[in-house]
Amino acid sequence: MSWPLPPTTRRLVGWLFLIAGFLLLLGVGLRLGVVYYEYERLGPDVLSSGRIVISLTMLVAAVMMLRYGWRERRGNDTVD
């Protein structure tokens, strides 16, 4: 693939990253809601550090995908 991408392809890639980031953010939010509900119902024994670390990692990935998608849509240089 040639670099840099043509503007129409960059916009499409930006939309795909925005959609994927939003869906991942929605999924992480729902997952954290379930974890909170389990915590309220069953107490602190339900929480595990692995679940929290994975959820926070997915949250960071979702925000990075949204950031990258937004920058691609706007036509800004995404190489940091």
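## An aromatic pair between two helices

Let's start with Phe17, which is partly exposed, at a relative accessible area of 30%. Its partner in this predicted model is Tyr68: the ring centres of Phe17 and Tyr68 lie 4.7 Å apart with their planes at 70°, so the pair is edge-to-face. That reading follows because planes over 60 degrees apart count as edge-to-face. Tyr68 is partly exposed too, with a relative accessible area of 27%.

The structure holds 1 aromatic pair. The pair joins distant parts of the chain, since Phe17 sits in helix α1 and Tyr68 in helix α2, 51 residues apart.

## Two salt bridges

Charged side chains also deserve a look: the structure holds 2 salt bridges. In one of them, Glu72 meets Arg10 with a nitrogen-to-oxygen distance of 3.2 Å. Glu72 belongs to helix α2 (residues 49–74) and Arg10 to helix α1, so this bridge ties together parts that are 62 residues apart in sequence. Both Glu72 and Arg10 are buried.

Arg51 and Glu38 form a salt bridge as well, and their closest N and O atoms are 3.0 Å apart. Here again the pair links distant parts of the chain, with Arg51 in helix α2 and Glu38 in helix α1, 13 residues apart. Arg51 is partly exposed, its relative accessible area being 29%; that value falls between the 20% limit for buried and the 50% limit for exposed, which means the label "partly exposed" applies.

## Helix α1, end to end

Helix α1 covers residues 7–42. How far apart should its ends be? At 1.5 Å a residue, the 36 residues of α1 should span 52 Å, and the end C-alpha atoms are indeed 52 Å apart, so the two values agree. Just after the helix comes Gly43, whose phi is positive, near 95°.

## Buried and surface residues of α1

Which residues of α1 are buried? They are Arg10, Gly14, Leu18, Gly21, Val28 and Val35. Arg10 will be familiar from its salt bridge with Glu72. Helix α2 is included in what covers these buried residues.

There is a nonpolar patch to find on the surface, too. Trp15, Ile19, Phe22, Leu23, Leu26 and Leu30 make up this patch, and together they have about 640 Å² of accessible area. Leu23, one of the patch residues, is found in helix α1.

Note on methods:
Residues are numbered from 1 along each chain as its sequence is written. This is a predicted model: local features need pLDDT of at least 70, side-chain atom pairs count only at pLDDT 80 or more; totals for chains, interfaces and linings use all residues. Side-chain values use heavy atoms; hydrogens and water are left out. Patches are made of residues with over 30% relative accessible area and no salt bridge: like charges are joined within 9 Å, nonpolar side chains (Val, Leu, Ile, Met, Phe, Trp, Tyr) within 5 Å. Accessible areas come from the Shrake-Rupley method with a 1.4 Å probe; for residues, only the protein chains shown count as cover. A salt bridge is a side-chain nitrogen of Lys or Arg within 4 Å of a carboxyl oxygen of Asp or Glu. Helices (H or I, at least four residues) and strands (E, at least two) are DSSP runs, numbered from the N terminus. Buried means under 20% relative accessible area, exposed over 50%, partly exposed in between (1.4 Å probe, protein chains only). The expected span of a helix is 1.5 Å times one less than its number of residues. Contact means heavy atoms within 4.5 Å. Rings of Phe, Tyr and Trp (its six-membered ring) pair if their centres lie within 6.5 Å; planes under 30 degrees apart count as stacked, over 60 as edge-to-face and the rest as tilted.
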